[in-house]
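Open the model in your viewer and keep the selection panel at hand. The tour below goes from one selection to the next and says what to look for at each stop.

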Amino acid sequence: MVLETKLLSPEEINTAAILLQQGECVAFPTETVYGLGANAYNETAINNVFLAKDRPGDNPLIVHIYDRKQIADLAATVPPAAVTLMDAFWPGPLSLVLPKSSRVPLAVTAGLNTVAIRMPDHPLALQLLELADLPIAAPSANLSGRPSPTRAEHVYEDLNGRIAAILDGGATGWGVESTVVDCTCEPLRLLRPGGITFEQLEAVVPITVDPGVYHMVEGVPRSPGMKYTHYSPQADVILVVGEQIPDKILELSQLDKYRDLKLGVLATSENLDAYAHLTVLDLGSRQDLKTVASRIFHLLRQADQLQLDLVFVEGFAEMEMGLAIMNRLKKAAGYRIVNS
Ligand code: TXA
Ligand code: MG
């Protein structure tokens, strides 16, 4: 199905809200990445989200709300620890997995009896949700497997002709998707690291980290999204970790087997000069992990535009924002990780 994808400015937000009410799929900005929204109660609209993204049917969607009063229709119960997290971090980049109500179609939750809910901290997103006055299910607005979109252009690149409209709100802030926490178990469980760090969560509720945050899990993961390849540019990606990262990347880049390839590196500002013979993309300073996080997906897409064949990426310590950064980089690299 080829649609004419409308590009809407913030002044045209009413059109976006009406399209959502009519059951169309509309991409919109949030403080993390662009989402591809649809009425969470409309099964046809939800199926069209999966079709537009080529998303596997067993990967559930996050439902976005603008007001906590909407939760009563979406969740069967709300554990006290979930309320503590809402008080501390909403609106913000935190999705809470709760027992689902019967009103939420199984198409949204991919057959699970739980539903992920979040209140985004972005003025346009909140305004759109309020105008539509519906809970909006929204995965990241990329083709499945591609880096998540942090600009309207990225959405257009992937979904032009597949969705009704894109509401353009400029570049998103965080650049990595929300933190996902399972609130249906005790202690709570971090399923996907994001802008709200494990350290921040741990300060207010008892919580553990799901092993799937660090590596590929065998069997059925608690968060279906964990098992899919993600964020992959066309180029191969190799993640280099450890104490001697620039030396190792230089050594690898000189290997005979890579001689005829176009090589690049996602490097921190501190090391830009170390890679004179490679195409260098600047991740920002190691001292500023928020900036690094916000650039990852854009730079992975740029690697494709530069037609790089192989991209080395510098690794980070897996703490605070570094946990979310490394989670995305490991997936982008298909877990090809070299120690230095
Ligand atoms: O920041 C974000 O969360 C963005 C913006 C648009 O809000 N959305 C986003 O959605 O990243 P998506 O679909 O790309 O990722 C949703 C993640 C997947 O890993 C999925 O498996 C997990 O949330 N998830 C959703 N519902 C779940 C549930 N009921 N139980 C466990 N994991 C769930
Ligand atoms: Mg996604």
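Begin by selecting Ser140 together with ligand 1: a polar atom in the side chain of Ser140 lies 2.9 Å from an oxygen atom of the ligand, which is a polar contact, that is, a pair of N or O atoms within 3.5 Å. Before going further, note that this is a predicted model, in which local features need pLDDT of at least 70 and side-chain atom pairs count only at pLDDT 80 or more, while totals for chains, interfaces and linings use all residues. Residues are numbered from 1 along each chain as its sequence is written, chains are lettered from A and ligands numbered from 1 in the order in which they are written, and side-chain values use heavy atoms, with hydrogens and water left out.

Now add Asn59, where a polar side-chain atom is 2.9 Å from an oxygen atom of ligand 1, and then Arg118, whose side chain has an N or O atom 2.9 Å from a ligand oxygen. How much of the accessible area of ligand 1 does the protein cover? On its own the ligand has 680 Å² of accessible area, and the protein covers 96% of it (areas come from the Shrake-Rupley method with a 1.4 Å probe).

Next, show the residues around ligand 1, counted as near if one of their heavy atoms lies within 4 Å of it. There are 28 of them, and those that come nearest include Thr32, His64 and Gly225. Colour the strands (DSSP runs of at least two residues, labelled E and numbered from the N terminus): E4 (62–64), E6 (114–118) and E10 (188–192) each give two or more residues to this shell, and E6 gives the largest share, with four residues.

From E10, move to strand E9, residues 179–182. The two strands form a hairpin with five residues between them, and they pair in the antiparallel sense over three bridges, where pairing asks for at least two bridges found by DSSP. Select Asp182 and you will find it opposite Arg189 in E10, while Val97 has Asp182 as its bridge partner in E9. Strand E5, residues 94–99, runs parallel to E9 and is joined to it by four bridges.

Are the residues on the two faces of E9 buried or exposed? Thr179 and Val181 on one side, like Val180 and Asp182 on the other, are all buried, meaning under 20% relative accessible area with a 1.4 Å probe and protein chains only.

Key. Polar contact = N/O pair within 3.5 Å; in protein donor to acceptor, adjacent residues only side chain to side chain. Buried < 20%, exposed > 50% of the residue type's maximum accessible area, 1.4 Å probe, protein only.
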